[in-house]
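Please examine the model shown here. A short exchange on its architecture accompanies it.

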Protein chains: 2
Amino acid sequence: MVLQSCMKTVKASWLFALTQRKKLRYVGAALIGTGVLVYESSRHKAEMAKAKIDISDFMAAPITDIATLEKNKNDMKSKMELMIMKIQADFCHALEQQEVGGAKFVVDRWERKEGGGGITCVLQDGEVLEKAGVNISVVSGVLPAAAVAQMRARGKNFKEGQMMPFFAAGVSSVIHPRNPMVPTIHFNYRYFEVQDSETTTQWWFGGGTDLTPYYLNVEDAKHFHRELQKACDKHDKSYYRRFKKWCDDYFHITHRGERRGVGGIFFDDLDSPSQEKAFQFVTSCAQAVLPSYIPLVQQHKNDGYGYAERQWQLLRRGRYVEFNLIYDRGTKFGLYTPGARYESILMSLPLTARWEYMHVPVPSSKEGELVEVLKNPRDWLGIGEAATAAA
Amino acid sequence: MVLQSCMKTVKASWLFALTQRKKLRYVGAALIGTGVLVYESSRHKAEMAKAKIDISDFMAAPITDIATLEKNKNDMKSKMELMIMKIQADFCHALEQQEVGGAKFVVDRWERKEGGGGITCVLQDGEVLEKAGVNISVVSGVLPAAAVAQMRARGKNFKEGQMMPFFAAGVSSVIHPRNPMVPTIHFNYRYFEVQDSETTTQWWFGGGTDLTPYYLNVEDAKHFHRELQKACDKHDKSYYRRFKKWCDDYFHITHRGERRGVGGIFFDDLDSPSQEKAFQFVTSCAQAVLPSYIPLVQQHKNDGYGYAERQWQLLRRGRYVEFNLIYDRGTKFGLYTPGARYESILMSLPLTARWEYMHVPVPSSKEGELVEVLKNPRDWLGIGEAATAAA
């Protein structure tokens, strides 16, 4: 019996991408409703030819048409869309360079009938990357009631039950490498605009980058945090301290009393000091993903490991699934939204995960050492008390 | 590197159980706080000697001491505790008989500092059962605010923020067999008492049994539903029809538009026609687990299968995890309760699960045939329109 699937289109695209990559920079498949349309490469080429904005490196054509992006090039909506497209492309290309066997990302360009769409890039079952997803979405419409309630609960000054037009653009990514000595990374940077009256629009940025190792490597954790700190310090010396603690508090598997990983930075509702300055900060954070993470992949992708390390990695991936499905605000919110593209939301889940009853490593083992750090977040860069969250 | 864990105590108990099973009917480990105490077998023997109630077959001594159970033998709390203890023992023993290699359940008897406790029986990595959990719990205390809110939302006439003493006793089980031709079963039967004023107590029963096959076998599904229908029909001819639809509606992976499996029965807040009659009905349902399921294990545990069938089983187990962590009321409620024994709650998760991006089987395949039934629940016993839930 042979399993077949709508991956067929995608697999064909992937083979095509492998052989044609030099001639054609991307292959896209747009999902509209339940039908799958292979996105026409000719349109991308035509767009490229006439564009003043350079989109030649992008994984697919932007969601907003080039003419509109050109016309509104100083509008934050356009700036954010182009920034996340570039981050997606740079990260995908850097990861592909780590793949010894030449595996490439499969690109799905999809549209949303309520407005906007996204580009989901997935590399599955590579030699280095077991499952890697890098997604951008640029969507607009009227905010669902559940979203308004969630934003109000977070302190947004919106009237209950109000119909508000919104725009959201973001990039999000989760990389699950095959080798247990290479950590998993997650990042997400997003921009929101909500029109809360005829004349006023509220805007804010949110995001973060965090690392989930399977074995603790203190130098790796320090390197990772140092790169994030550098990105923060360029903009506000208080950011790293605040956003490092916020990250430890957010990525908390409450029922286990463990963090998901060794942290990073996390923030939401950032609307100061100005729209442009906040954008510059978010851009710096997104640009810090490569230097914070790629060296760790490079350094550890050929490390030796055995059956026990693989089993431990799978157990930790089970914990990752627990966090994402039980606590993560974005995942829950996404899945409860009617018509959400759940495949893009759930691309964050690992290819394989494992749950053993009552598995607790002995404290003196390598596995126990990791759990100790997950229970008691560390101040990696020696910035003092405020860096460690209350357990 | 060798992974060690607090399973050490348990593994030792398990070996002991294997060799001593004929002399001693159980081995228990009580978890109090973070310390693990091996429950003394001598107490169980002593309890057995003086007991008029026969507990010799139970997996461990009941949570409530025998003298109290004897004294209050007509109280529903005692009757329910003894019923679920017997169901747990019968099901564990029947499953152990299916294990060709002689694998036995590990028994954890745990206590809860707020009142009561439970007995968690787990068989992991057997030849026939990949992961099997059969749990009973008998707990009392003051209802947490979140529980009151959830019950109010469901229609219970409780005042908000009221401090109410409660008692709850239930049995719950999930069996994940190794062979993809053997379905997964889940069942849960529970009794609640809430004292909502100085003089009044509300009580109700809830529960259900449902089947999750990896490959559709129509005869198996019919057999399973027929046994449940028989149990229902003894008490009320309208029950099967109503509770079959409730089951299809409840076990719904909303974001995928799929049911978790081929259904069964599900009900909650049952407080009629009388306490005794409702108890008799719930007892019949719990007793129907064995004849509905064990023949399916017996019949298919040696069926042939290959790599593709195993991969499909793992993908479907990923969907099982999605339902349990995102939608299941019991799991969510349990995990959000401070001090909950999360290992007993999460024993329902499979040993291994898998997530592939955009996996959809072709409709004409065996896998596609299953998905079709998950999207459009069937009226297995030909009882007419009302049996199928709206998609």
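The questions and answers below concern one helix, one sheet and the relation of the chains.

This is a predicted model, in which local features need pLDDT of at least 70, side-chain atom pairs count only at pLDDT 80 or more, and totals for chains, interfaces and linings use all residues. Residues are numbered from 1 along each chain as its sequence is written, chains are lettered from A and ligands numbered from 1 in the order in which they are written, and side-chain values use heavy atoms, with hydrogens and water left out.

Reader: How far apart are the end C-alpha atoms of helix H4 of chain B?
Author: Helices (H or I, at least four residues) and strands (E, at least two) are DSSP runs, numbered from the N terminus. The expected span is 1.5 Å times one less than the number of residues, so the 23 residues of H4(B), 76-98, should span 33 Å. The end C-alpha atoms agree with this, being apart by 33 Å.

Reader: How many residues of H4(B) are buried?
Author: Buried means under 20% relative accessible area, exposed over 50%, and partly exposed in between (1.4 Å probe, protein chains only). H4(B) is mostly covered, and of its 23 residues the number buried is 18.

Reader: Which strands stand at the edges of the sheet in chain B?
Author: Two strands pair if DSSP finds at least two bridges between them. Seven strands form an open, antiparallel sheet in the order E3-E4-E5-E6-E7-E8-E11. Two of chain B's strands have a single partner each, so one side of each lacks a neighbour in the sheet: E3 (106-111) and E11 (263-270).

Reader: What relation holds between chain A and chain B?
Author: Copies are superposed by least squares on the C-alpha atoms of residues with pLDDT of at least 70 in both. Chain A can be laid on chain B with an RMSD of 0.0 Å by a turn of 180 degrees and a shift of 0.0 Å along the axis. That is the relation of a two-fold axis.
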